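Morning, everyone. I'll keep this short. Please look at the screen.

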Number of protein chains: 2
Amino acid sequence: MTDVLSDRDERPGRRAGGTGPKGEAISSAARRLFLRDGYERTSVDAIAAEAGVSKRTIYNRYGDKENLFLSVLKESSSTMLTVFDRIAEAHLADITDVQQDLTEFARDVAFSLIRSPERIELIRLMMSEAPYFPALLREQMRPQTMTGIISRALARLGDAGLLRITDPTEAADHLSALTFGQINNKTWFGAIQVSDADVDRMVTAGVATFVRAYRPS
Amino acid sequence: MTDVLSDRDERPGRRAGGTGPKGEAISSAARRLFLRDGYERTSVDAIAAEAGVSKRTIYNRYGDKENLFLSVLKESSSTMLTVFDRIAEAHLADITDVQQDLTEFARDVAFSLIRSPERIELIRLMMSEAPYFPALLREQMRPQTMTGIISRALARLGDAGLLRITDPTEAADHLSALTFGQINNKTWFGAIQVSDADVDRMVTAGVATFVRAYRPS
DNA sequence: GTCTATAAAAAGATAGAC
DNA sequence: GTCTATCTTTTTATAGAC
């Protein structure tokens, strides 16, 4: 899976929106509509109606539609990274059974993607709009936090002799491709629904293939 | 990689556009602009200007913007599947060295994706617009031709004892994920440029991991 | 079949009062 | 800070002549 999750560069004092009673309503409404309809199909009028505020309030707070959009994506991806981080910490901190623990980790992440519309839809939206908002691509260029977390865990497993890891980053890419990547492709990043059983099967098979390829000889 | 490539259901007599001198100019201009700017950001005025025809001609031929869009995507994905099929036929017909032949196959496909803007951009566009055009999702639901081609080749390798294949479709998904899937994720489906060397490295490593996981014991 | 001209609606952004 | 009302531009689609 790609690393759409980065929340550095947060300057707390300089933050637009989100403050005040109406701030939460605006960003929440914008998030719902942008994730559902995309950037161009979502009008500021619709966001104002959904949030129960006037359009002028939105422009006063955010300046223009583009800034509102980027602000919402930044907030959302920050939340998503936090969720991923917590799941990773719970499963990858100390591993006893490699295959079982990696499978449970990947399954938890996968279900957190599939079950909440706010997750996989966010990735789809960022990918769709990336060419038209260079700021999104700059975010993407940062040290890749999701791959980073996984690769550090795999490096530890390599040091412990539980896996044969020569390039931890490459191994993390392969594990991601065989699990989250498969799901993203199969669902068209959320456009097509898949059953929980399918997700479970894909994740289990993906981790099994990964472990077969990286087991110590 | 996902199977965005299907060209069945072609009813040659009933085809809109593409016929006549202006027909080619319209579909070609529409393809360029839709692939570059997406659906909503591309106006029919811009397509008419790019094609050198009047807007009325477009509406007479295609009815509305949506039909023009779907027609262009259908034509483009059909071309893309043909290209993929030819590459697969050239590399997978008879395989002697599994790792080398699979690597060359994946590399050829990958470069045909990366080098031509019409390829990977098409996948990105279809994925971006899929939720808003159910017809695109129905196309996607068809027997998956790309996975099908790969899985049949892998099944032959399994029968020949060169790989240990129990589920050919699953193996094909894993090979795709480790090669094309990795590239698509890394490039954000064409939004980010990668060097030829990076593509080569990813494909080589992906196939190596695949072969390690599926080699006969 | 092809063109010029136009209708009709939507959307981003702003003026000015409270 | 918030609201109603408005401006301006863009866009899809059509009318009607040649």
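Which helices each supply at least two residues of the surface near DNA strand D? They are helix 3 (55–62) of chain A, plus helix 2 (44–51) and helix 3 (55–62) of chain B. Near means a residue heavy atom within 4 Å of the strand. Helices are DSSP runs of H or I, at least four residues, numbered from the N terminus.

Some ground rules. This is a predicted model, where local features need pLDDT of at least 70 and side-chain atom pairs pLDDT 80 or more, while totals for chains, interfaces and linings use all residues. Residues count from 1 along each chain as written, chains are lettered from A and ligands numbered from 1 in written order, and side-chain values use heavy atoms, without hydrogens or water.

Back to the DNA. Helix 3 of chain A gives the largest share of that surface, four residues. Of the 16 residues around strand D, those that come nearest are Arg56(A), Thr57(A), Asn60(A), Lys55(B) and Lys65(B). Sugar and phosphate make up 40% of the strand D atoms within 4 Å of the protein.

Now single distances. The Thr57(A) side chain has an N or O atom 2.7 Å from a phosphate oxygen of strand D. Val44(B) puts a backbone N or O atom 3.1 Å from a phosphate oxygen. Lys55(B) goes to a base: a side-chain N or O atom sits 2.5 Å from a base nitrogen.

Last stop, Thr187(B), in helix 9 (residues 168–187) of chain B. Thr187(B) is buried (under 20% relative accessible area, 1.4 Å probe, protein chains only), at 2%. Its side chain reaches the backbone oxygen of Asn184(B) at 3.4 Å.

Conventions. A polar contact is a pair of N or O atoms within 3.5 Å; within protein, one must be able to donate a hydrogen and the other to accept it, and residues adjacent in sequence count only if both atoms are side-chain atoms. Buried means under 20% relative accessible area, exposed over 50%, partly exposed in between (1.4 Å probe, protein chains only).
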